Amino acid sequence: MSKGDAAHQTLEVRFGIFSFRMKISGPPDGLDMEIVSARAGRLPLSGILTSGIAATERVDDLGRHLFDVAISLPVIGRIVRYTGWLALL
């Protein structure tokens, strides 16, 4: 589930008990998303834990939505990175 706040150009995305508020910016062909805050349930998470999250979305010449998301933690390093594309039919 996600919800946005157009006035602050943010988007909130939820994964299970985790929710991330992201600031949206970027070039005309896509989005860059920067973590502004994060929570586990009602508990706020430290910015140190979320500083290793990077997400971008672009649209290519074929109209596909390309995405690239990487998540890392201090000391542990990269936990996951996923990339791919979606096409609207």
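This report covers confidence, salt bridges, selected buried residues and a nonpolar surface patch in one protein chain.

**Confidence**

The model is predicted. Its protein chain averages a pLDDT of 86. Of the residues, 91% score at least 70. Confidence varies by element. Strand 1 (residues 2-5) has the lowest mean pLDDT among the elements, at 59. Strand 5 (residues 43-44) has the highest, at 93. Where pLDDT is low, predicted coordinates should not be read in detail.

**Salt bridges**

The structure holds 7 salt bridges. Three of them are set out below, each with its N to O distance.

| Pair | Distance, N to O |
|---|---|
| Glu12 and Arg39 | 3.9 Å |
| Arg58 and Asp29 | 3.9 Å |
| Arg58 and Asp32 | 2.8 Å |

Take Glu12 and Arg39 to begin with. Their side chains meet at 3.9 Å, N to O. This pair links distant parts of the chain, with Glu12 in strand 2 and Arg39 in strand 4 (residues 30-40), 27 residues apart. Glu12 counts as buried, at 4% relative accessibility. Arg39 is partly exposed, with a relative accessible area of 30%. Both residues belong to a wider group: Glu12, Arg14, Arg21 and Arg39 are linked in a network of salt bridges.

Arg58 has salt bridges to two acidic residues, Asp29 and Asp32. The bridge from Arg58 to Asp29 spans 3.9 Å, N to O. Arg58 lies in strand 6 (residues 53-59) and Asp29 in the loop between strand 3 and strand 4, so this pair ties together parts that are 29 residues apart in sequence. The bridge from Arg58 to Asp32 spans 2.8 Å, N to O. Asp32 lies in strand 4, so the pair of Arg58 and Asp32 joins parts that are 26 residues apart in sequence.

How accessible are these three side-chain partners? Arg58 is partly exposed, at a relative accessible area of 24%. Asp29 is partly exposed too, at 37%. Asp32 is partly exposed at 26%.

**Buried positions**

Ser19 sits in strand 3 (residues 18-25). Is Ser19 buried or exposed? Ser19 counts as buried because its relative accessibility is 5%, under the 20% cut-off. Leaving out residues up to four places away in sequence, Ser19 touches Glu12, Val13, Arg14, Ser37, Ala38 and Arg39. Two of these contacts, Glu12 and Arg39, form the salt bridge described above. Ser19 and Arg39 are 20 residues apart along the chain, yet their C-alpha atoms are separated by 5.3 Å.

Val13 is another contact of Ser19. Val13 is found in strand 2 and is buried, with a relative accessible area of 16%. Val13 and Ile76 are 63 residues apart in sequence. In space, their C-alpha atoms are 24 Å apart.

Thr50 belongs to helix 1 (residues 47-50). Thr50 is buried, at a relative accessible area of 8%. Which residues does Thr50 contact, leaving aside neighbours within four places in sequence? They are Phe20, Ile35 and Ala38. Ala38 also touches Ser19.

**The nonpolar patch**

A nonpolar patch of about 850 Å² lies on the surface. Its members are Phe15, Ile17, Phe18, Val75, Ile76, Ile79, Val80 and Tyr82. Which strand gives the most to the patch? Strand 8 (residues 77-86) does, with 3 residues.

Loops contribute as well. Ile17 lies in the loop between strand 2 (10-15) and strand 3. Ile17 is exposed, with a relative accessible area of 60%. Val75 lies in the loop between strand 7 (65-73) and strand 8. Val75 is exposed, at a relative accessible area of 90%.

The backbone of Val75 also deserves a look. Most residues other than glycine have a negative phi. Val75 has a positive phi of about 70°, although it is not a glycine.

Conventions
Residues numbered from 1 in each chain as written. Predicted model: local features only at pLDDT ≥ 70, side-chain atom pairs only at ≥ 80, totals over all residues. Heavy atoms only, no water. Helix = DSSP H or I, 4+ residues; strand = E, 2+ residues; numbered from the N terminus. Buried < 20%, exposed > 50% of the residue type's maximum accessible area, 1.4 Å probe, protein only. Contact = heavy atoms within 4.5 Å. pLDDT = per-residue confidence, 0-100. Patch = residues over 30% accessible without salt bridge, like charges linked within 9 Å, V, L, I, M, F, W, Y side chains within 5 Å. Areas by Shrake-Rupley, 256 points an atom, 1.4 Å probe, with all protein chains shown as cover. Salt bridge = Lys/Arg side-chain N within 4 Å of Asp/Glu carboxyl O.
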